[in-house]
2 protein chains.
Amino acid sequence: MNIGLDMMGGDFAPLEAVKGIQQYVNEVSSPAFLFLTGDENTLNPLLREYNIPSSIVKVVHAPQVIGMHEHPTKALKEKQQSSIAVGFHLLATGKTDAFISAGNTGAMMVGALYSIKAIEGVLRPTISTIIPKENGGTGLLLDVGLNADCKPENLNQFATLGSLYASHILGIENPRVSLINIGEEEGKGNILVQAAYPLLKENKQINFVGNIEGRDIFLDKTDVMVCEGFTGNIILKLAESLFEITKQKQIKHEYFDRFNFENYGGTPVLGVAKPVIIGHGISHAKAFKNMIILAQKMIGTDLLGKMKTSFA
Amino acid sequence: MNIGLDMMGGDFAPLEAVKGIQQYVNEVSSPAFLFLTGDENTLNPLLREYNIPSSIVKVVHAPQVIGMHEHPTKALKEKQQSSIAVGFHLLATGKTDAFISAGNTGAMMVGALYSIKAIEGVLRPTISTIIPKENGGTGLLLDVGLNADCKPENLNQFATLGSLYASHILGIENPRVSLINIGEEEGKGNILVQAAYPLLKENKQINFVGNIEGRDIFLDKTDVMVCEGFTGNIILKLAESLFEITKQKQIKHEYFDRFNFENYGGTPVLGVAKPVIIGHGISHAKAFKNMIILAQKMIGTDLLGKMKTSFA
């Protein structure tokens with residue numbers, strides 16, 4: 001199992017990425033082999049300093065870096081020797097089985113969609129987030145921003161992708177799938193969700209339990225919550241802000257600790273043909289460690305094979 | 001100044017409505033005259049029991065009640081002697097200057113839109129909510145569910161209506177108006193907000209400060225936050241659930257106390273030609289008191305006159 005990791009992506013790269021690898025190696029009994037893309041002159045001394053065993057990592061020299069604010073398509077095209085471009089090349093050519101970066105999100109999206117491509121049958125890949133439930137459980141919310149405008153069938157496919165992810169990666173048996181709406185009954189909502197509801201209802205690959213409202217998002221009513229990326233992104237960022245606000249106000253409670261999104265590592269791009277995980281720009285060691293663990297789990301459970309079968 | 005109040009609306013009517021009147025009379029130095037619609041046989045003894053001075057209230061007998069789950073249009077048509085129908089009749093005929101109910105929300109909407117009608121020039125009236133800001137301030141979010149599908153011009157009108165409300169009722173000078181979006185720059189977002197942005201930017205009646213994201217909703221970045229009713233309703237109900245979740249988990253902090261939406265009374269329907277205020281079904285005395293105070297303020301500041309001038 002070979003995992004590619006962009007060492008130059010994120011505000012605290014490469015140091016926090018190296019520390020994350022260290023934590024990963026120390027915690028996991030059978031670590032995967034890691035292909036690290038980035039500047040070898042910077043990385044090699046750091047890897048030695050943090051005692052990363054050379055038996056499980058290989059630095060793939062990539063002297064260029066795509067900045068956080070560069071234009072994604074342009075940067076990917078012009079910087080073929082960047083850590084992101086090289087990482088996607090390794091993934092596309094089968095040298096690695098997954099690719100992780102906390103770098104330029106747009107460039108990661110472009111790479112995932114154009115260099116790896118969508119699973120056949122998937123109209124629009126999606127990104128999701130973990131939602132901490134007030135009873136201690138964990139829900140999945142998608143789409144959280146990749147698709148600001150959706151068609152009903154997009155939501156239906158997000159439901160299938162999210163259900164497979166919840167089942168195989170989050171370990172939720174027969175996950176309850178819901179549509180985020182502004183009323184509970186069928187027929188409520190805007191034109192999009194009114195049209196999407198019957199599709200989800202007839203989707204035999206999911207356990208559709210109906211609509212949920214804003215008040216249910218943090219409750220344990222359902223496991224997979226589906227919406228278009230505009231609403232989902234606003235929910236995600238609002239949830240993230242609760243962690244910041246409670247921290248700043250010194251409101252200490254384990255429930256709000258769980259809104260620290262670093263706990264969950266990164267966001268996989270669901271619906272592309274190979275595992276691609278995008279981290280937050282502010283990722284620290286723990287986030288990098290968790291992203292590597294997530295990639296390993298996605299490969300180990302053959303999540304992508306299951307998704308391909310589902311859309312075949 | 002005459003304010004109409006539906007005594008039979010809400011889960012705890014009429015008792016909590018009577019208690020709310022009592023609180024109102026005790027707190028306000030110049031109370032308005034109240035027209036109370038409902039069953040006089042139930043109301044008169046209760047009003048006596050709670051020592052409501054007969055000099056400031058008049059019961060207008062309305063023997064029928066529209067249940068919380070009745071079909072709005074059908075119920076309003078068939079129950080002309082209901083407390084809501086009678087209340088709207090008083091408002092439409094000028095006997096009262098405002099109407100308040102915590103009853104069937106749909107029936108209140110239908111009454112507001114068809115018996116009172118929109119201000120000339122307003123395409124779609126809207127409902128809003130107060131958002132408690134983490135620095136102690138107060139923001140206004142709209143639309144929160146009346147308009148699940150919107151056109152760009154609807155959002156632009158919500159901006160104007162919200163700005164007038166924030167200025168005259170919330171006392172915010174030159175309120176900062178923003179568009180809720182999934183990115184900060186102009187051009188971000190779904191098709192709707194991309195098209196709405198230039199309209200708000202060119203709207204000379206508002207102080208437009210640009211886009212805000214989900215993470216900014218509880219911060220003091222702007223005073224009036226505009227979105228379509230789907231997203232707004234989800235934000236509102238999610239915010240309401242924070243009060244419930246923190247209460248249930250015994251997380252005590254004055255910030256979350258401010259998510260008790262009962263503090264804010266009800267929601268005015270903005271853009272209709274007269275003040276109509278809709279309360280939450282679970283309204284208690286404090287909410288009724290605050291709704292009467294709000295109605296009095298809307299009349300006293302001639303908010304509706306200002307809105308009419310704005311759209312003339």
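**Figure 1. The far side of helix H11 in chain A, with Gly305(A) and Thr309(A) out in the open.** This is a predicted model, in which local features need pLDDT of at least 70 and side-chain atom pairs count only at pLDDT 80 or more, while totals for chains, interfaces and linings use all residues. Residues are numbered from 1 along each chain as its sequence is written, and chains are lettered from A and ligands numbered from 1 in the order in which they are written. Gly305(A) and Thr309(A) are exposed, where exposed means 12 or fewer other C-beta atoms within 10 Å of the residue's own, buried means 20 or more, and partly exposed is anything in between, with C-beta atoms placed from the backbone. Across the helix, the buried residues of H11(A) are Leu303(A), Leu304(A) and Met307(A). They span an arc of only 95° around the axis, so they sit on the same side of H11(A); the arc is taken over the directions from the helix axis to the C-beta atoms. Their cover includes helix H6 (152–168) and H10 of chain A. Helix and strand labels here are DSSP runs numbered from the N terminus (helices: H or I, at least four residues; strands: E, at least two).

**Figure 2. Where domain 1 of chain A touches domain 2 of chain A.** Chain A splits into domain 1 (1–121 + 271–312) and domain 2 (123–261), with bounds from an automatic or database domain assignment. Their C-alpha centres are 26 Å apart. Contact takes in 14 residues of domain 1 and 12 residues of domain 2; two residues count as touching if their C-beta atoms, placed from the backbone, lie within 7 Å. On the domain 1 side, helix H5 (105–116), helix H10 (285–300) and helix H11 (303–311) each supply at least two residues. H11(A) gives the largest share of that side, four residues. By type, the domain 1 side holds eight nonpolar, four polar and two charged residues. Here Ala, Val, Leu, Ile, Met, Phe, Trp, Tyr, Cys and Pro are nonpolar, Asp, Glu, Lys and Arg are charged, and the others, Gly among them, are polar.

**Figure 3. Helix H4 of chain A, mostly under cover.** Nine of the 10 residues of H4(A) (residues 83–92) are buried. Among them are Ile84(A), Val86(A), Phe88(A), His89(A) and Leu91(A). What packs over the buried residues includes strand S1 (2–6), strand S2 (33–38), strand S3 (57–61), helix H3 (72–78), strand S4 (98–101) and H5 of chain A. Just past H4(A), Gly94(A) has a positive phi of about 85°.

**Figure 4. Chain A against chain B.** A turn of 180° with a shift of 0.0 Å along the axis lays chain A on chain B with an RMSD of 0.0 Å, the fit being by least squares on the C-alpha atoms of residues with pLDDT of at least 70 in both. That is the relation of a two-fold axis. Within chain A, Thr231(A) comes closest to the rotation axis, its C-alpha at 2.8 Å. The contact uses 29 residues from chain A and 29 residues from chain B. Helix H8 (residues 229–248) gives the most to the chain A side, with 11 residues. That side comes out as 14 nonpolar, eight polar and seven charged residues. The copies meet through the same surface, because 100% of the interface residues of chain A are also interface residues in chain B. As for confidence, the predictor gives the complex an ipTM of 0.92 and a pTM of 0.93. Chain A averages a pLDDT of 95, with 100% of its residues scoring at least 70; pLDDT is the predictor's confidence in each residue, from 0 to 100.

**Figure 5. Backbone oddities in the loops.** Most residues other than glycine have a negative phi, and most peptide bonds are trans. The bond from Ala13(B) to Pro14(B) is cis, with omega near -5°, and Pro14(B) sits in the loop between strand S1 (2–6) and helix H1 (15–27) of chain B. Leu142(B) and Asp143(B) are also joined by a cis peptide bond, omega about 0°. Asn51(A) has a positive phi near 55° and counts as exposed, with 9 C-beta neighbours inside 10 Å. Gln250(B) has a positive phi near 55° and is exposed, with 7 C-beta neighbours inside 10 Å.
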